[in-house]
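Trainee: Could you take me closely through one part of this model, namely how the first chain is divided into domains and how its pieces meet one another and the neighbouring chain?

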Amino acid sequence: MATYNKITPEIAAQLKAVVGERRFSCGADVDPNYSHDEMPIYGNHFPEVAVDVETTEEVSRIMKICNDNRIPVTCRGAGTGLVGGCVPLAGGVVLCTRRMNRILHYDMDNLVVRIQPGVLLKDLAADALAHGLMYPPDPGEKTATVGGNISTNAGGMRAVKYGVTRDYVLALTVVLADGRIIELGKTVCKTSSGYSLLHLMIGSEGTLGIITEMTMKLIPNPICDVSCLVPFPDVDSCISFVPKIKLANLDPQSIEFMDADIVVSSSAFTGIPTFPERVKDADVGASLLVTFVGADEDELDQKLIKLGKIAEEAGALDVLVVATSSNKKAAWAARSSFLTAIEADTRLLDEMDVVVPVDKIPAFLLYIRSLGQEEGIVIRNFGHAGDGNLHIYCCSNDLELDEFKRRTKIIMDKAYAKCAELEGQVSGEHAIGHAKMGYLHESVGDDVFALMDDIKRVFDPNYILNPGKVCDASLVG
Amino acid sequence: MLKILVCVKQIPDVDLVKMDPETGNLVRAGVPTLTNPLDLNALEAAVQVKERYGGEITLITMGPPMAESTLRECLAVGGDEAILITGRPFGGADTLSTSYTIVKAADMKGKFDLIFCGKETLDGATGQMASQLAERFDASQISFCYSIDDISDGKIRATRALETGKEIVEATLPCLLTVEKDNFYGRLPNLKAYLDSKTREITTYTENDIDGLDLNLIGVPGSGTIVPKIYPPELPEPGQIIHTGSPRSDAGRLIEILAEKGSI
């Protein structure tokens, strides 16, 4: 088990000397937000010191000081995670990259952009668009940093067509635990050049190194897009439609799933009934929001016609078109409000982000709902139907915290076991942090978990990088 | 069967319109357009009436040829026929000449029982059109309509949403209504209606097609107002957010800034 030292006044002075007084804080002066992410149920853990870094060199110097003194370092972006990934469990230093928010350079010949890790997803997306380009990964949390997205291998709504963050990272500058600066990857389309440490770094949640610059792949912005809402009487028929869309060769950009509960809750929260609860005198049990992109309107119309035909055959209540800019804005604002809507009317909240084979979604949802009923916990869910990634929230407004945690643990234990039985994975895009480490261990087994830990040791022999996360079980218990 | 007229307008996306600081003109070129959102609430009210009492909805708009897309959007969600009034002589119209033109064009299709309008447009925001139209159509008017409760025997009963509460009113037809959005959020078109709307015929009127149109009462000559200049409001200097990482250093930075400005 790793042992850590406290930050002495001398070490604090060294750290302060690296970033200067304004970007250094310690003790009671540390921003309280640095003690948690967006899932308060996992508790608060304060760092002893926080530094807002601006350059790779500063990160390198901080890491060297911390490694020499065995001080834990937890890297943090915008703090929008949901599994406690940026929470400093062992105290030490929080190294915040939010000031490293510059978009450095576009290479329009190779369609790449070089950026710093603190650039927000929404800013990269907007800036790329201004260059006529698209940054395809589109996680729901637009105020996350791209560095955080890489660290969790975030996915998002457009993963069905374009893949996930991993697919858009070409190169990284990384500071290792001892302060060495390394370059991983190149601006090339393919590589067959040894172990891919680049891809090992992606999704490693700040446990193997600190990402300080990255080269991201972009694509030409699609010219036209259209979405449609396909309501079904029940979840089963709704999900059964997903593979049919793919088999029809319609190549959707996204296929989002929403059940009746989340639609009602989103309408109540936004005050706008964007998605209908009844269609053609029938209650809507669940809907898909499907988006297509194309070169012109005719191409999209052909896709819509084909979609309409297979939707009718599949028992859809209707196909509603989201084509105007106002309707698109409203539909995606409503879709993006789902988590906020849940948070707004829920006092106690815990979540899981499982990913299961698409055809197993109904079985999993049915199971998790029955668990919720058994334990008296409200289950809310939505997700990316096209790739089987479900965001499931356990909610309560009535229970005491300890009782909520007890019941939620029962649900989570059984649900992750069910997920494993259905050949699913613990996390589709929110990652492991410390909240899901036990479930990861169960899911991958002892051998693989130990291999992960071995890899961690190679990169970070003193275990100072983000202690207690992913596969570092030394702080558990 | 009720004859229903819905007045709609295509507007630039007001979030994206910029002003040319040299000329003071609004730069609309290249700015995406949209259908005035409040007109879509009016259309939804009309569609609900049609579903409940039967009827036929005629859409009408005045604008450049590209305003046709707004009519097609409205056809897709319940409009039965559409009229586009277009031509250079109509350009520069204020609400006075616009309301005159709309009424003359609508008269070509006979008398309407109900006329629905957005309570204002997001680009002009005068809110004058509805009352002018009601006057010119010789129709009664119900504004701030929260719900339509009954239509029978040549009368309409509706609930108005006022700041002080609700008011139930009754009016004789023809009647012009402007609606609150609460019960009249626009609906999404279904696929068939959406695709059909792309090929539906749209009646286009130029200044030569409208019976009895007095050219002195349309466009700029018919306008009672002119807009000599548009300028943006003077904005106060934006505030500065100090976020250095800790309350103590935030306070330090604040003191520095105040000292630099000579305030302390």
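**Domains and contacts of chain A**

Mentor: Chain A is assigned domain 1 (9-99 + 455-475), domain 2 (103-220), domain 3 (224-339) and domain 4 (346-421); such bounds come from an automatic or database domain assignment. The model is predicted, with local features needing pLDDT of at least 70 and side-chain atom pairs counting only at pLDDT 80 or more, while totals for chains, interfaces and linings use all residues. Residues are numbered from 1 along each chain as its sequence is written, and chains are lettered from A and ligands numbered from 1 in the order in which they are written.

The centres of domain 2 and domain 3 of chain A, taken over C-alpha atoms, lie 30 Å apart. Their contact draws five residues from domain 2 and eight residues from domain 3, where contact requires C-beta atoms, placed from the backbone, within 7 Å. On the side of domain 2 of chain A that touches domain 3 of chain A, two residues are nonpolar, one is polar and two are charged. In this scheme Ala, Val, Leu, Ile, Met, Phe, Trp, Tyr, Cys and Pro are nonpolar, Asp, Glu, Lys and Arg charged, and the others, Gly among them, polar.

Chain A also has an open sheet of five strands, ordered β5-β6-β10-β8-β9 with antiparallel pairing. Because β5 (103-107) and β9 (181-185) of chain A are at the edges with a single partner strand each, one side of each has no neighbour in the sheet. Neighbouring strands in this sheet are turned by 15 degrees against each other on average, direction ignored; axes are lines fitted to C-alpha atoms, for helices over the stretch in contact, and angles run from 0 to 180 degrees between N-to-C directions. Strand β8 (residues 169-175) of chain A is joined to β9(A) by five bridges, pairing being accepted when DSSP finds at least two bridges between strands. A:Val174 stands opposite A:Ile182 of β9(A).

Turning to the neighbouring chain, the contact takes 27 residues from chain A and 19 residues from chain B. Elements giving two or more residues to the chain A side are β2 (49-52), β12 (224-232), α9 (297-313), β17 (320-322) and α10 (325-336). The largest share of that side, four residues, is from α9(A). Helices (H or I, at least four residues) and strands (E, at least two) are DSSP runs, numbered from the N terminus. By class, the chain A side that touches chain B holds 13 nonpolar, six polar and eight charged residues.

Key
Contact = placed C-beta atoms within 7 Å.
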